[in-house]
Every structure is written in C-alpha cells, then in structure tokens.
Protein chains: 4
Amino acid sequence: MTNKIKHIAVLTSGGDSPGMNAAIRAVSRACAFHEIKCTGVYRGYQGLIEGDFKELGPRTVKNLINRGGTFLKSARSKAFMTREGRNQAFEHLKNNSIDALVVIGGDGTFKGAEVFGNEFQFPIVGVPGTIDNDIRGTDHTIGYDTALNTVVEAIDKIRDTANSHNRLFLVEVMGRNAGDIALNAGIGAGAEEILIPEENLGKERLLESLKRSRKSGKTSSIIVVAEGDQIGKNIFELADYIDTNLDSYEVKVTVLGHIQRGGSPSCYDRVLASRLGIGAVDALINQHKAVMVGIAHKKIVNVPFEQALAGSNDIDTDLLRVADITSI
Amino acid sequence: MTNKIKHIAVLTSGGDSPGMNAAIRAVSRACAFHEIKCTGVYRGYQGLIEGDFKELGPRTVKNLINRGGTFLKSARSKAFMTREGRNQAFEHLKNNSIDALVVIGGDGTFKGAEVFGNEFQFPIVGVPGTIDNDIRGTDHTIGYDTALNTVVEAIDKIRDTANSHNRLFLVEVMGRNAGDIALNAGIGAGAEEILIPEENLGKERLLESLKRSRKSGKTSSIIVVAEGDQIGKNIFELADYIDTNLDSYEVKVTVLGHIQRGGSPSCYDRVLASRLGIGAVDALINQHKAVMVGIAHKKIVNVPFEQALAGSNDIDTDLLRVADITSI
Amino acid sequence: MTNKIKHIAVLTSGGDSPGMNAAIRAVSRACAFHEIKCTGVYRGYQGLIEGDFKELGPRTVKNLINRGGTFLKSARSKAFMTREGRNQAFEHLKNNSIDALVVIGGDGTFKGAEVFGNEFQFPIVGVPGTIDNDIRGTDHTIGYDTALNTVVEAIDKIRDTANSHNRLFLVEVMGRNAGDIALNAGIGAGAEEILIPEENLGKERLLESLKRSRKSGKTSSIIVVAEGDQIGKNIFELADYIDTNLDSYEVKVTVLGHIQRGGSPSCYDRVLASRLGIGAVDALINQHKAVMVGIAHKKIVNVPFEQALAGSNDIDTDLLRVADITSI
Amino acid sequence: MTNKIKHIAVLTSGGDSPGMNAAIRAVSRACAFHEIKCTGVYRGYQGLIEGDFKELGPRTVKNLINRGGTFLKSARSKAFMTREGRNQAFEHLKNNSIDALVVIGGDGTFKGAEVFGNEFQFPIVGVPGTIDNDIRGTDHTIGYDTALNTVVEAIDKIRDTANSHNRLFLVEVMGRNAGDIALNAGIGAGAEEILIPEENLGKERLLESLKRSRKSGKTSSIIVVAEGDQIGKNIFELADYIDTNLDSYEVKVTVLGHIQRGGSPSCYDRVLASRLGIGAVDALINQHKAVMVGIAHKKIVNVPFEQALAGSNDIDTDLLRVADITSI
C-alpha cells in the first residue's frame, strides 16, 4: 500500500541563486496540477524549526519566474544541526500534516536533508540550486548559467577599459572548490589566462605565458581567477607579483563578488528550474525519498543524495584545451 | 598517404546568429595553434565566387567574441546554385592554395556545402550557426541560447505593461518550422499558452483555455506564438478572433522580429562557438569531409551532412508538459 | 487658516511607464516622512469610482523602485468622463477622509484631474509619467529616458543583423504626436534617417538621401520612424516604396511596439520619479492645487495644469542638425 | 582676417568613459560635414608626442557609437608634463598641418590642454568625458549617465541576495572627490544610507540610523559608499565596525571597481557625446580657443578652461533630502 502524497512543503536553503523563485513557482504549480496542497517555508531549515509557513497557491507565485533571489528567503541554521532543532522541525511538519519536503539548495542543503530524512523517515527530494555547478549527477545547477552571463557581461565592461589603456586585469570570480565558472566564463570573456583550483599553473609559468602573449602583439589582457585558486596567497598578492615582474602592463584587480548571485535568471535557468521543480513533485508522487532531481543529457533524473554529495563534477579537460587555443 | 591541411578558409552564410564571430575567431586561432594559414571569405558563398578574401591572423579576430552578427558578413548567393558559380568558387580556392573550408550557418549553408564538396571532392566542415536550433545531430546551434534570452527579456518588458493594464498579449517569435524558441522562451517567460508549428491546438480550445485561466484569477496573459504556427492565418487574425470572442481582456500583438538575431552572445553561445570552431579545424586535420561538428551530451561530435540535414530535432514532449503545468 | 493635509491618495492612470512604481514609492514615503496617511488607488480613476483602495505604508512599497509597470495598475475609465462617475469618486474620497490626490500619468490623466479638481474643489497634484515626453513645463517625463535606452538597445541588435547582410531596416518607435523618442533614439542608435511627425521630409527626398549615402560607402542603414510620421500611409507602405525604388538594399521592417513601455527604469528615471513623488507631496502640503510637478533646469517646479496641457514641447531644432551631421 | 580651420586632430586622454567613441565619431563626421580634414591621435598626449596619427574619414568611425572605451586609446603621459615633450607634440601638429585640437577627457586632460594651448598659441577645445561628473560648467559629462545605470544594475543584483538573506551590504562606487555617482545611484538603487565625501555623517550616527531602520521593519539594507568618503579608514574597516556594533545583520562588502568605466553608452550619453563632438568643431570654426564645450539647460555652451577647472559642481542639497525621505 502506498501513501499518497497530499501536502508538500518547499524551502530554499544556503546561498541563493537566480532561478530559485522559478523552482518554487514550479513546485507550487505542479502541486496545484496534481491537487496536492503546497506550503512554503521561510528562511530554510530555520523556518522549518520555527514553523514559519505560508500556503502557496498557483496565484501566490505569479510574476516570480523572472526574479532573482528567493522570496521564501534563505538562511543558515545552526539549530538544524542539533537533534533538538530537527525534532522541532519534524513536529511542525507533522502538526501541519505535511507529507513530504522539497529542498532547493546546494550540498549543505542536501546533507541536512539526508540526515533529517533518515532520522524521521521523512520523504525529501532535493533540487540543485547554486551558482557553483558543483553537484554530481546533474549536468547543471539552477543559477549557474545566469552567473556565467553575469560574469561575462561584467568582464566585457572591464575589457572596454583594459583595451583603452593597455592594461592587465585580474578578475576574481566565485568558485571556492570548483573552477567551472572561471573556466567557462573565462573562455566566454576571451580571457588570456584562467586560474582554477583544479590546476596550479605556478607563478613562473603564468609570467612566461604573459610575456609570450605580450610579444605576440596583445596590448591588453584579462586573467580570470577562481576564488579557490592556489597560485598566490590571494589575488592582490598575485597582482603585485605580476606588477613587479612584468614591465609592460599596468596591473589592476577586480573582485566581482555578490553581483554573481543575483539578477534575473537566464531563459535556460528558468526552464531548468521549471523542469526540476515539476520533477521534484513527480519524484515524491512516485514514492522517491532522499534523492535529488537533476538533468542529464536533457532528461530529468533522480540521483540518490549520497551520490550527489560525492563531490564536484570533474573539470572538463576539453575546455582547458579550448581555453589554451582561443587565447593564443 | 594523407594530405596535410595547410590552408583553411572560413565563411558565414545564411541568416546571421549571435556567436558567429566567436566561431570565426576560434577557427582562426585554432589554425594559428596548428600552424595552418587561415583566410576569411566575405559574404558567404557569394564572396567565394568573387574571391573576396582576407587573411585572418590571431590578432585580426581580437575583440570579436562579444559581438553579435558576423564581421565576415553573410549573404544568400543565387550564383552558387549554378554549376558555373561553383566552378568560379573552386577556381578561387585553388588559386589561393586553400585546402579546406569551414562553413558556418544553417541547413541551407550545409546543403550548398554538400553539393560543392561532392562536385570538387573538396573537404568542407560545417558549424551550426542559426538561432532556430533546427539542425539534427547537435543539441544546440550557435545563437539559439542568446535568442532565447533576448525573447525572454523582451517578454519580461511586455509583461510589465500587461500586468499594469490587465491585457492579453500575443507575442510572435521566430521559428518557421521549429517551435523550439517558442516553447523554451514561452516557458521561460511564464507564458499562458505557447503555439508551435508541431502542434495545432485549434482556436476553440485556445479560447476555452483562456476562459478557464481568467476564471482561475489571472488578470493578464502572454501567449507566445511561433511564426510557423498554423492556428490562424496570422497572428493579427488570431488576435481579432480572441478579441471578438473573449470579453475580459484587451488584446494586443507584438512581433519581435529581427531583434532576435542580434545582440552580444550569451556565455553559453560563446563557449559553444569556441568549441565548435576548434572542432571544425580538428575535423579537417583528421581528414573528415562533408561533416558538421555538433555538440551532443557536452561532447564534440562529427555528423555527416546528410544526417544533419534530415530535418529538425523532434519537439521535446516533456517540455509540452512543463508548459502545461507551469501555466496552470 | 490653512487646511493641513492629513491623508493623501495616489493613483496611476493612462499608459504605464517605467518609474511609475518609483514615484508611488516616493509619494508613500514622503507621506510617512510628513506623518500623512497614504492610500493607494488601484486601476486609476476607475478604482477611484469603485473605491478600490489600499493603505500604503513605507514598507508596503519596498523593492518596487526597480520594477517596470505600476503595481497599482492603470486603466482607462469611461465612467470618470461622466458627472455621475466623478460624483462616486468624490464620495469614496470623502468617506475615506482623503484630503488630496496625487495622479501619475500623461495629458489624459491631467485633463481628468483638472475637471475633477474644479468640480469638487479638490486638491490634486499631477506627476508626469509617460514615455512620450510630451508634457509642457517639464524637461522630462518619467519613463522617457528608459524608453530611449530600450529603443537604442533594440536597434543595436538590429544593427548586428543589418551590418551582416547589407540591409536597410525601417524601425518604428512610439510617438504619435511627438518625435522626441525617434529623434533622440535615432541619434543614439546612429540612424541614417529619422522620420518624425514634426517634419515631413517627403518620400522623394528620403530616397535621394538614401542613394547619396549608399554612394558614400554605407553598406547598411537604419531608418527610425516615429508612429505619427506622415511620410507614407504606414511603415509597410513606405518600405515597399523604398524597395521598389532603390536597388541596392534588401528592405526590412521592425515595429518595436510595447517593449518600449516596460523594463526596469534607468537610474535617471528612478531619481526623477523619487524627486517628483516627493515634490507632489510638498506641493500639496504647500496648498497647491491643480498643478503638475515637473523638472526644469534640474529644479522641481510647479506647473498649472492648463499650462502643462498646452501641447508638446517643441522639437529641439539643434537635434535635427545633430542628426544630419552624425549620419553623414 | 580669420584663419580658416582646415585640419583638426582629436584625442582621448585620462580615464576612459562610455561615449568617448561616440564623441570621436561626432568630431570626425562634423569635420566631414564642414569639409575639414580630421586626424585621430592614439594614446592621448603620448601619441601626440610620438606622432601616432590616423586619418579619420566618416566611414572610419562607423559602428562605434555603441561601443564602450575609446578606440583611439588613452594613456597618461609623463613626457607631456615636460616642455620638451610638448615641443615634440607641437612639431608633429605643425608637420601634419593640423590647425586645431579637440581633447576628450577630464580635468587632467584640460589642464594639459590649457598649458599647451598657451605655450604655442594653439587652438584647443575640450570635451568633458569622464564618469565622475566633476567638471564645472557642464550639467553632465560623457559617461556619467551610463555609469549610474551600471551601478544601479549591479546593486539590483546585490539586492536580490541581500533580500534573500537579511543582509547588510556596503557597496563602494567610484568618486574620489565627488559624491555625484554615490548620491544619484544610491537614490536610484534604493539605498538605505549614502556616504559621500562632501558630508561626513560620522560612524555613530550611521549606526543609530541603521538601528532605527531595523526597528522600522527593514530586513535587509544596502549602503552606498563613495570611494572618497571619510567615515572610516576604508570600506572594510567600516564594515567591521558595523558588524561589531550591530547584531541583527550579517555585513558584506562589494567594491564595484572598473566595471563602472565600461559598457555600451546609454542613449543619453550617446546623444550628449554627439552634440558635444559637433559643438567642439563648431567652437573651433568660430575661432574659440581654450574652451570646453558643455551642456547647460539642454543648450551647448563654451566654458573657458579656467572656469571648467574651478572644481566640482556642488552637491545638490535637494538630493540629500530625497535620499533621506525615500530611505525612510
């Protein structure tokens, strides 16, 4: 005998990403489509603990598909790391007759979901929403494509100035553990060099490469640096090193920072969020538990949490070659 | 004994699409990387016939990756449809010691390439550059992702007005034979209904659906209509029909037109164009002829022209369901 | 003895324009600043007649400054053209103890305000919100600057395609009576010719000019046409005329339409809307009636309605010369 | 007897700003219109010293109006600060029969022009191109309006994240001596507080204000800080101070940096640049020397260099009040 799902709650947790609102909207409308009640939980797991709930009908979520951020807000919850906190959360779910939960976020969100789902045998499905694209089992996470466009547009503006002044710009982009943003946005922005955590070029080889390209006739340069890159202590120290050792350029640093998390989602992210939100409700209806819905080869897939949490996808070595060739 | 490629020409043909410049740049730099001479041909096959050539070094193509359109220009050539025209084109290639050709464009471009390649046993590789995404054998064509973002941003603006006035807007988007743009941009823009060539809903059912959604509390609506849709004689006739038969809305028409072909390419299209441009040179080095380079499951593939020309990809039925559910 | 204002209502009427939300927000916050109660009226004068009101506190209007359209919605009201309708409107104001009214809109809105204010001796201040910039007594109307940017960005995209194909594009922009949008956006977009209601170049001279510029080496062209231009029956007829009489180009038409009314307001429009919203409340506090607040030489001014309604500002002849010179 | 101008040179100097290309284009086309020869000088005064010249015909400058940066490039020249350097510059002008010079830039550019013009009795007209809007005698400088839009769009993205997480963001914008960007973009972005060089609020009052607004129900906040603001040692120190003394928010810092200098110019900046470029040629034709062309009350004016260099425009105190009221 199966337990028919009658009431689903949805929350967003961890760093926000463009498209989270579109995913919430899709969950809410998929619930309406299947005649399932839908409840929004504010401020992630913290709101679950505090019972900060709001009913989501299909009209509640109108005009949200194009908005950055998450109207349900997000928060990090220390209390949810305690058994007591999770007990409170479960009580609120039970008291509201909520049968299942959709959590939208990144690896931290899914870890919390895994623990909670196991403890209370509670059905939870995860939706990957993070700009970092660092979840295994899905080709893309919601917000990643938008973040790439934001970075590329920002570097296009910096290039105007770099070209006008024969300057070398170091541009830091997000990605503590994964170089996906740096590598793709670096290729897209026509960067001279791309420094990622997965590869340590070494300062000397970077310098050699810059000298070569200066000789080849380049008059300005953009170097894209992922936050987690190991080449120097930090981007400012690296800039000093280049400035000291390379005569021909004036070296400048830009840290793109939080503009990368915001903005109206791209069409791709809106469609992806819509598909994954619907996929999450489908998964719950089909009695899945403890899975993330992802996209692989353009199809929706259900990936067990432990698999999704097994680390970032490997860097695409083909793209490293593309970066090398196009920056010749 | 293989014939080593020493000199590659590249041209763009057919309707332009954002990312064509990035593809030309990648061809040019891949040639430089492999120490192959590279020549740009202006105005597509017409320039081939007229010998309108320009040498492309790696610096010639700088600051092009972010530009819409094609700096080599494009044109339709009637002369290339004649044997005489093609003879002249071949003479120019021979006289300039050009060993192989990369053509960037859509199905018309590839058909021309197929004929010419067969006639003169000339190695040609195609790169899919069209906003229509109607080429079989590649997940995406260059420019399609950018066009989706352009459409979605335009509809976001129209939505501001639709919401402010309780209006119903019919928005025509490109796609004579393929509903890919309409379907994806329609989902991304939160359209109420999406009318595509592959499916004929019928006027009556459209009307019923609009009445239902009005009852459900919607106060404004966007209907996305692909050019090639068959539901009415044209979008204006359809607007009249709705206006006559539906009291509650004021009906307006917008035809997005050629803004969909332009604009700075998205990061995705820039990276795709870079990969396919390099892939085209790789294919020629590896003695491929009469193939298109495409992307499938994130990997570069070589697809024989006849296969690429076998018609559009089928519409993703999963997306039809997504459109239905999210517009509830 | 002065009557201290204790309760202000605000509404938006006529065509919406980007920045109307910013103006409503400013009215609401200026009221809070002066400890005046603020009420929003939905759907313009129609909502006034129906008593469709909502209290606006300073937090009610948060996150609105960057949104296109008007969250109070706009509508045209036939009932408000009748004495009976206006009586009902007045009853609602009286019953809600509303002392004064701020109306945001264009000339139609101000005409209604003038009649109503006279009839009931009710203090009304107008805020010019229209993309058309056709109100006398203010250098700019709210939304105009944003519309110019929208048009220029759209034409930039069309230019990509025009350049790639050696085409001539006719682009229709808004402006039934005033050529301000066409003239400024035409200069900004680098248009070859700009056709405005205020000046009728004549078809033959247009043709001569196009032939001259073709000879001078131009390979593609954009002609910007204001809606209200009188040169042909309409833009399609004009395109046919050029196509028939000019060999060298392929002629295409784009009608930009309602995308010009939407979009997130520019910084200029947000600041202008904030200033005028505050200025409207200041004017009411200072016992003004039947005036529009405008901006002239960067200062806020109060302009009697009859003066504001005396027709469009004259076209800046200096700009006609700029258009001529820059399109050489 | 007047000396008819037959040959004008144009250069860009100092920090680049969006619209400089549009200004160069206008100078070049105004020259063509008046049948004056036009020469572009690369890399500002340094290129003048080195004779790095290029003839600019009306077609040379096509497709430049929408491009950020300056295709003539800019540079700071130490050599031009020496009499010897300036002698060389004058020799190049004389040898090329150049009669007059248009310099596009900010106060440093005009200072150089003043000295050079006096020394050699050489006619020079300045065009104000800088994002800082810190030139007296012109309502706006070229690039300022675009920079405001860039800042406001960036802060809109940051707001998405701030709202999603109940955070307080400190955003540093350009403006070492002038708070114009901070004040206008701060109002436009709906900032809670705006810190400018012209006013020192003091840390304690800032803190009090933040506490008040938290109490009033605000859940997130943006503080815009001009580079030259004196409230703390720097923005990071200020962030620490707030973090230590204010419990309720998580405090984050973003430095927008060089993205503010780039980007496609707004319509306003394109039209302004076109008018000022034409105005500069007009001024030279009319025998003006040592003046800047500016815009005041929508009209072109000629302002003697010494007047333009008399410091920034004063801050608009009306805008300080607008900032106070709209952030209530």
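# A walk through the sheets and the A–B interface

Start in chain C: select strand β6 (residues 167–173) and strand β8 (residues 221–226), which pair in the parallel sense over six bridges. What you have on screen is a predicted model, so keep that in mind as you click around. Now zoom in on C:Leu170 and look across to β8(C): the bridge partner there is C:Ile223.

Next, add the neighbours. Which strands belong to this sheet, and in what order do they come? Four of them form an open sheet, and reading across you get β7-β8-β6-β9 of chain C, with parallel pairing. At the edges sit β7 (193–195) and β9 (250–255) of chain C, and each of these pairs on one side only. Turn the view so you look across the strands, and you can follow a twist that averages 20° from one strand to the next.

Keep that sheet on display and select helix α8 (residues 235–245) of chain C. This helix lies across β6, β7, β8 and β9 of chain C. Compare the direction of α8(C) with that of β9(C): the angle is about 170°.

Time to hop over to chain B. Colour the strands β3, β2, β1, β4, β5, β10 and β11 in that order, and you have an open sheet of seven strands with mixed pairing. Strands in a sheet are held in pairs by backbone hydrogen bonds, and they can be parallel or antiparallel. The edge strands here are β3 (53–55) and β11 of chain B, each pairing on one side only. On average, neighbouring strands of this chain B sheet are turned by 30° against each other, direction ignored.

Where can you see a parallel pair in this sheet? Select strand β4 (residues 100–105) and strand β5 (residues 124–128) of chain B, which pair in the parallel sense over five bridges. Within that pair, B:Val103 stands opposite B:Gly126 in β5(B). Now bring up α9(B), a helix that packs on the sheet and touches β1 (7–12), β4, β5, β10 and β11 of chain B. The direction of α9(B) makes about 140° with that of β10(B).

For an antiparallel pair, select strand β10 (residues 291–296) of chain B together with β11(B); six bridges join them. B:Ala296 stands opposite B:Lys299 in β11(B). The two strands form a hairpin with two residues between them. Click on B:His297 in the turn: its phi is positive, about 55°.

Last stop: show chain A next to chain B. The contact takes 54 residues from each of the two chains. On the chain B side, B:Arg59, B:Cys267 and B:Ile328 lose the most area to chain A, together 14% of what that side buries. Between them, chain B and chain A bury about 4,300 Å², 54% of it on carbon and sulfur atoms.

How many salt bridges cross this interface? There are twelve between chain B and chain A. To look at one, select B:Arg275 and A:Asp318, whose side chains meet at 2.6 Å, N to O. Polar contacts between the two chains come to 20 residue pairs, with both residues at pLDDT 80 or more.

Which elements of chain B give two or more residues to the side that touches chain A? They are α1 (20–33), α5 (144–165), α6 (180–188), α9 (267–285), β11 (299–304) and α11 (317–326). The largest share, eight residues, comes from α9(B). Finally, colour that side of chain B by class, and you get 20 nonpolar, 17 polar and 17 charged residues.

Notes: Residues numbered from 1 in each chain as written. Chains lettered and ligands numbered in written order. Predicted model: local features only at pLDDT ≥ 70, side-chain atom pairs only at ≥ 80, totals over all residues. Heavy atoms only, no water. Contact = heavy atoms within 4.5 Å. Buried area = accessible area lost by both parts, 1.4 Å probe. Salt bridge = Lys/Arg side-chain N within 4 Å of Asp/Glu carboxyl O. Polar contact = N/O pair within 3.5 Å; in protein donor to acceptor, adjacent residues only side chain to side chain. Helix = DSSP H or I, 4+ residues; strand = E, 2+ residues; numbered from the N terminus. Nonpolar A, V, L, I, M, F, W, Y, C, P; charged D, E, K, R; others polar. Pairing = 2+ DSSP bridges. Axes fitted to C-alpha atoms, helices over the stretch in contact; angles between N-to-C directions.
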